[in-house]
Amino acid sequence: MPIHIQTTIFMICMAYLVVHGVIWFALSEQRNIQVWLWCSSGLLSGVAIVFLSMRELFGEFFFVYVGQLFMLAGNMGRCIALRMFLPEPVRPAIVMHATVALAYYVWIVSAYEAGTPYDPLSVMFFGFYAIVCFDYFLAGSRMLPRLQTLGPRLLMIGGLTFCSTLGFKAALVAAGLGADGIYAPGIDQYVMIAGQFVAITLVNIGFLRIFLDLREQRNLETERSLAAAEAQASLLTRHREELQLLLTEREEIIRQLTLSNKTAGMGALVASLAHELNQPLCAIRLNAQLVERKLNDTEVDVQGARKFLDSVIMDNRRAANIITKLRHMFENSDDKHGLIAFDELVRDTLALVEPRALHEGVMLHSSLNSGLKIHGDPTQLQQVILNLLNNSLDALAAKTMDGKSIDVRTENAHERLLLHVTDNGVGIPDDLQPSVFELFKTNKAQGMGVGLWLSRTVINAHRGDMRFQSSAGEGTHFEVALPVH
């Protein structure tokens, strides 16, 4: 018995066991099913070589039934593990390899049971694996475009080495030029054994390189994704800060426009308010003179002086109320949001325009639903009401007729406060109605085109809405909707 051949075959077995065991140990922390399949399949192939090479010791049963089964399972497992590197589903590869392996197993067992001699069985064995091992080459070539590294190339070289050396062995045995037995020396034996050592080494190094390269590639992609996500998060943060700054600036602009528009809109009221304020001031002066005269009399009329003094106090309170309302109108509201009794806000605004309305012969009618409260900025909301009332007064001033009137009404409709301001003035021309709420759009000679745009902006900021209906020559109806607190 040529012991060197048998020893060499056992060295192939040890190569299977040691190389796959080392890979399994080295990648054990990965807990990866692909690594487990590759390494366990390699160990099965190593055990299969023991049964195949020790035919004389274990007998024909282990050689044909057990050894062949282990070798088929080992080779199929490694081929499937390689297919797991590819992007397509693994199930078709499993079905294909299982079908081919089962067909071969039935074929060689049937041939053995039929009494086929050893050489034809060897040709069947080596020829089959020379064809099947070409799958290593195919897997490597499929991975090469995706992974331009050494791993796929080593896998391709290893697959070709398996195919060429096993095919050479099968060809020489079929031609009757091969070794006479499993342990007999011969060129086919040396080529096959050398090819096994080279191919086993190459395909295992190729598998390891591919696995590590793909893991590194995934890590790089993860790092790039994280970097991109951080950059995106930084960009979003910067945009959010810029947007917040723009919103803050917008609120400041609206606040300043509210004050400016209020100042502009008060022009027509100033004369009426001045007249209204002049009355109590004149009464105070007159009553003060009367009190002084009573006090200068020989007999001081305390009771009469007290009567005139009470009139002074009453007129002073009346003047103070007018001044207070004006001060509230012009005070600088700086984010003074709070709970507002809306009916009181409307009444105060009506009191401001009442002198102008009386002077221009306009009747103010109000029907206010008391108890309705909203959350917001009272200065801005009062400016909206003032804008609507001033617009109605302007529309009525341009119309010569009797019975000029403005109706102001509030109601609660489905948890929404509705403010209705209706006049019977000249109305809004049809061609101007689509642009009523646009900035710098106006049909007034002295207007800036800010009022209604600003009013709707304020109402929208309070989570409300504003709309209107108008007929030229008949009047206009504005409706403001705000959420009830």
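**Exercise 1. Count the cavities in this predicted model and size the largest: how many are of 30 Å³ or more?**

Step 1. Apply the cut-off of 30 Å³ or more; the count comes to three cavities.

Step 2. Take the volume of the largest cavity: about 550 Å³ of space lies in it.

Step 3. Turn to the second largest cavity, with a volume of about 50 Å³.

**Exercise 2. Describe the lining of the largest cavity: which residues lie nearest its centre, and which elements give two or more residues?**

Step 1. The lining of the largest cavity holds 33 residues. Nearest the centre lie Leu52, Met71, Phe125, Phe126 and Met192.

Step 2. Assign the lining to elements. Two or more residues come from each of helix 1, helix 2 (33-53), helix 4 (60-83), helix 5 (91-113), helix 6 (118-132), helix 8 (150-174) and helix 9 (187-265).

Step 3. Look for the largest share. Helix 6 gives it, with seven residues.

Step 4. Sort by class. The lining of the largest cavity has 23 nonpolar residues, seven polar and three charged.

**Exercise 3. Do the same for the second largest cavity: which residues line it, and what is their make-up by class?**

Step 1. List the lining of the second largest cavity: Leu72, Asn75, Met76, His97, Val100, Ala101, Phe128 and Val132.

Step 2. Find the elements. At least two lining residues come from each of helix 4, helix 5 and helix 6.

Step 3. Sort by class. Six residues are nonpolar and two are polar. No charged residue lines the second largest cavity.

**Exercise 4. Place Met14: in which helix does it lie, and which residues form a surface patch with it?**

Step 1. Met14 belongs to helix 1, residues 3-26.

Step 2. Read its relative accessible area, 46%. Partly exposed runs between 20% and 50%, so Met14 is partly exposed.

Step 3. Check the patch cut-off: members need over 30% relative accessible area. Met14, at 46%, is over that value.

Step 4. Name the partners. Val18 and Val22 join Met14 in a nonpolar patch on the surface. Together the three have about 270 Å² of accessible area.

**Exercise 5. Classify Phe134 by accessibility, then ask how far it is from Ser164 in sequence and in space.**

Step 1. Locate Phe134: it lies in helix 7, residues 134-143.

Step 2. Its relative accessibility is 34%, so Phe134 counts as partly exposed.

Step 3. In sequence, Phe134 and Ser164 are 30 residues apart. In space, their C-alpha atoms are 9.4 Å apart.

Note on methods: Residues numbered from 1 in each chain as written. Predicted model: local features only at pLDDT ≥ 70, side-chain atom pairs only at ≥ 80, totals over all residues. Heavy atoms only, no water. Patch = residues over 30% accessible without salt bridge, like charges linked within 9 Å, V, L, I, M, F, W, Y side chains within 5 Å. Areas by Shrake-Rupley, 256 points an atom, 1.4 Å probe, with all protein chains shown as cover. Salt bridge = Lys/Arg side-chain N within 4 Å of Asp/Glu carboxyl O. Helix = DSSP H or I, 4+ residues; strand = E, 2+ residues; numbered from the N terminus. Buried < 20%, exposed > 50% of the residue type's maximum accessible area, 1.4 Å probe, protein only. 1 Å grid on protein atoms, 1.4 Å probe; cavity = no way out; pocket = protein on both sides within 12 Å on 5 of 7 lines; lining within 4 Å. Points joined across faces, edges and corners; volume = space filled by probe spheres on them. Nonpolar A, V, L, I, M, F, W, Y, C, P; charged D, E, K, R; others polar.
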